[in-house]
Amino acid sequence: MYEHKDFLEQVINQNPAGKNKHIAIVGEPGAGKTTLLSAIASYIKNENKDLPIVISLGSLQGMTLEKYILKKWLPDAVKCNTTPEIEEQLKTRFYKGGVWLLLDGVDEMGESSPTAALNKISQALTDWLGKARVVLTCRLNVWDANPLYNDLSGFDTYKTQEFNPEQVDEFIAKWFKCDDDKIQRGEELKAKLREPGKERIRELVTNPLRLSLLCQIFYQDKHGELPETKAGLFDLYAKYFYYWKFTPETQELRDSPELQKELHQALGKLALEGINSDARFRMNKSLVVEVMTERLFKLARDVGWLNLVDREVYAFFHPNFQEYFAALVIDDWHDFLNHNNANHNPFIKHNNQDCIYRIFDLKWKEVILLWFGRREIEVKNKEEFIHSLITFNDGCGSENFYGFKCYFLAAAAIAEFSQSKFTHEVIQKLIKWGFGELDNQQNQKDELSYEIQKSSKLALKLIHNETTISILKKYVIAYRDISIQVIDYLTEVGIGNESIIEIFTSLLHPSKLFTYEHIFFNNKVICSLGEIGIGSERAIIRLLETAHSIISMTIYIEELCISSDINSQNLDIDKLQHIKYKLNDCLRDNLESLGKIGIGNQEIIAWLQKVINFISDEELRIKAANILWKINPGDILAINVLEEIIYNHPFDYVISFYLEEIAKTDAKVIDLIIKILFKATHQTTIQRACQSLGRIGFGNIKSIEALVKIILISKDNETCRIACESLGEIGIGNPNVIEALQKILANTQDEYVKRQAADSLLKINPGNTIAIKELTNLVYNSKDIWLRRDSAISLYQNVIDKRDIVLKVLQFILENNHHLPSLFAVAETLLEINPYNKPAIETLINLSCAYSDGEIQILASKTLAKIRNNSPILIELLLDFMKSEINEYKKL
């Protein structure tokens, strides 16, 4: 999980560590996907200095991505008519690298299905477009629709996170801070959201769009009413929409409720027309005017409901509002579902009309949920619709696959229609499917697929209430074998929920901490309290009691193990030691949980300061010191403990795991790392300190001076190499660093140090002739095949006019080497440079059949799978290889 800034720095700003170089950002409507994509574009342009190309996928309108970029985006970007020469220049820019394709809204493409939309993107990312790094956004339900048939490879998926309660409060405070007269209104809104019975609206506004809508509503609404459903939130927003701006058009709408109603009905008809067509969210002006009339179109455009997004193309100012207005003009639930359970044939009319199954079309899901939240729809009609969903029989066999999908949709609908008489029945059924029968653990749950069980739990979260908690509490108490699953579920839905916190604290009995069967279970509960117990005095007290009991019992066991009469007591020392190790695990998790929920809590701070020296396990003392700093920044005792441990024990990871993190908030800690660099006695600790300075010491003169000193005085080659690497990260343009690296190149005989020093020198002083000479010499003369490869890559990346030489050397290694790992490394490198490299592909094909080395087989096969979309000649070469193998077989 990343904060906004961390995501940009640690994901966008880094070269991909794995095989996937692309990123998919998925999330619910209004979760901030487009906003994040805009931030990514700015970051790439300003920080990476790369070229970001932002494409709204809804603009393709049937065009291929390649055609759209060349014929639409490029002319707009250069602000003139393009020529084939200009198009070739753009393609060349892609081939050189440093281009990002930022593709917004896979769900807005207007394709026939989610799978078709994702596969269209996959097919587009070939040839020159395949050279770009891609970031795309997509609604979660579209991305997850058919994961088995999603052909979009090479993507790491990141899900936008909902706001936690603290972030909601922070957002509200910032919103109302802009107007001194309204600051108190912000405090009133926060207080109202905390009131009992406001669980649903609290859940709704964890979504950034909906929270911003609520803030705007509360800013205008003197009565301070809070909606109970998603539709109610949109209703209130539409009510106050005309009060944001004071124009003749908004004044006219404020004065005429009849005109408002007429406009909203016309917008609803337009919304339906768009959803029913391939255009979806983007509609040509001619269609808009045809549906709404010229008068109402101009009114909707002038007040802001419709925005111009392309030439003569309009869209609602957010897709959620198109879905909202569509829901407003649908009165009969049979427009979503018209199905005959008695006769399942969908081609036979029912109720004198064609069967309708919009409930299975993802683009209608939000419309259906908003329809359920409308106050003006009679309860009777909503109940009929719910009943039809939970009794749906697809007639396709005993599995009733579509019946399950209907049931899950019913659960989502009940979240908007909480007074449904079917609520309790649906909750019980979902618990049964997700966790099993309370009275019979060998039950139907075991017969259901994993996906049904998983979907049942997800659906249950939508209608989670005190009834759900009450039932699941019985599961935790009665059945230890499934209680872990229930605890996982309650943890996910229980942040700040005192009922769930009470259940968890009641499960932690100090008297039961120390038996084999309880330790794992208690660990789970301790971790869960750390996730949901922020600000809960009940959780803090129980965790402190538990931690104190663990420390006391550990001390007792240690004393018992060294007791002179242990044999006379007939105690098993091995068993006692095992229990001690398990208790240490328990204490580690307990400290972690206290760190999560106890920031600034004086009781926890005082307890940690008191007990930190009573913890005998040094790694646990490290953890305790880190937690102490985390909840009490600047705590001197915490730093003193970490420093003492580093000097006396080879715990070098403390530097990168803990001190680096602390240095982000306290620059003085860099001085401590430098101090460690020269006082530590363990070489691994010195090396770790060098690495850390390379990560956190950018712009810090002391860090640079320390690393320069290390490379000049260290007699350990690996330490010297690491220091050179770090200087390459933080010493850009520094003449002292350049001089030191050149001195190392002149004096060292170690080829690994030479390569690293030369590589770093080229990074901080591009074109440095000494570095180029040393790398060229290593490429031609080193006896280490891997070192030759790495030196060649350094030259290729940093010296453009040496690239032909590099390619020849790599090609030579490929043709004159029989060491399989070396062959794989060189072939993969050549393909990173040019996915059309035929000898490299042929080498990988042969390696994928290298039965003498199973690991290389797997690596080669994975690389071939990775390049399948970007290398058109792969299929041709595979076919040639298969023909050759068949001919060889025939000869036998």
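## Sheet and helix packing in a predicted model

In strand β4, the bridge partner of W100 is R133. The model in which this pairing occurs is a predicted one, and the description below begins with the sheet around that bridge before turning to a covered helix and two helix pairs.

### The open sheet

The bridge between W100 and R133 belongs to the pairing of β3 with β4, which runs in the parallel sense over four bridges. These strands are part of an open sheet of five, arranged in the order β2-β3-β4-β1-β5 with parallel pairing. At its edges lie β2 (51-56) and β5 (155-159), each of which pairs on one side only. Averaged over the sheet and with direction ignored, neighbouring strands are turned by 20 degrees against each other. Helix α3 (residues 65-78) packs on this sheet, where it touches β2 and β3 (99-104), and its direction makes about 105 degrees with that of β2.

The edge strand β2 is joined to β3 by six bridges, the two strands running parallel, and within this pairing S56 has D104 of β3 as its bridge partner. At the other edge, β5 runs parallel to strand β1 (residues 22-27), to which it is joined by five bridges; here V26 stands opposite K159 of β5.

How much of β3 is buried? The strand is mostly covered, with six of its six residues buried. In a regular strand the side chains alternate between the two faces of the sheet. For β3, both faces are covered, since V99, L101 and L103 are buried on one side, while W100, L102 and D104 are buried on the other. W100, the bridge partner of R133 in β4, and D104, the bridge partner of S56, are thus both on the side shared with L102.

### A covered helix

Helix α17 (residues 365-372) is likewise mostly covered, as seven of its eight residues are buried. The buried residues are E366, V367, I368, L369, L370, W371 and F372. Which elements cover them? The cover includes strand β4 (133-139) together with the helices α11 (230-240), α13 (257-276), α16 (319-328), α18 (379-390) and α19 (401-416).

### Two helix pairs

Two packed helices are described by the angle between their axes and the distance between the axes. The table gives these values for two pairs.

| Helix pair | Angle between axes | Distance between axes |
|---|---|---|
| α29 (residues 602-611) and α30 (residues 618-631) | about 150 degrees | 10 Å |
| α37 (residues 735-747) and α38 (residues 751-764) | about 155 degrees | 9 Å |

With its angle of about 150 degrees, α29 is roughly antiparallel to α30, and the crossing of these helices is left-handed. The contact is made by I604, I605, L608 and Q609 of α29 with A624, I627, L628 and I631 of α30. By class, the residues of this contact divide into seven nonpolar, one polar and no charged.

The angle of about 155 degrees between α37 and α38 makes α37 roughly antiparallel to α38, and the crossing of α37 and α38 is left-handed. From α37, the residues V737, I738, L741, Q742, I744 and L745 meet V753, K754, A757, A758, S760, L761 and I764 of α38. The contact of α37 with α38 has ten nonpolar, two polar and one charged residues.

Key:
Residues are numbered from 1 along each chain as its sequence is written. This is a predicted model: local features need pLDDT of at least 70, side-chain atom pairs count only at pLDDT 80 or more; totals for chains, interfaces and linings use all residues. Side-chain values use heavy atoms; hydrogens and water are left out. Axes are lines fitted to C-alpha atoms, for helices over the stretch in contact, and angles run from 0 to 180 degrees between N-to-C directions. Angles under 35 degrees count as roughly parallel, over 145 as roughly antiparallel, 65 to 115 as roughly perpendicular and the rest as oblique. A crossing is left-handed if the near helix is turned anticlockwise from the far one by less than a right angle, and right-handed if clockwise. Contact means heavy atoms within 4.5 Å. Ala, Val, Leu, Ile, Met, Phe, Trp, Tyr, Cys and Pro count as nonpolar, Asp, Glu, Lys and Arg as charged, and the others, Gly among them, as polar. Two strands pair if DSSP finds at least two bridges between them. Buried means under 20% relative accessible area, exposed over 50%, partly exposed in between (1.4 Å probe, protein chains only).
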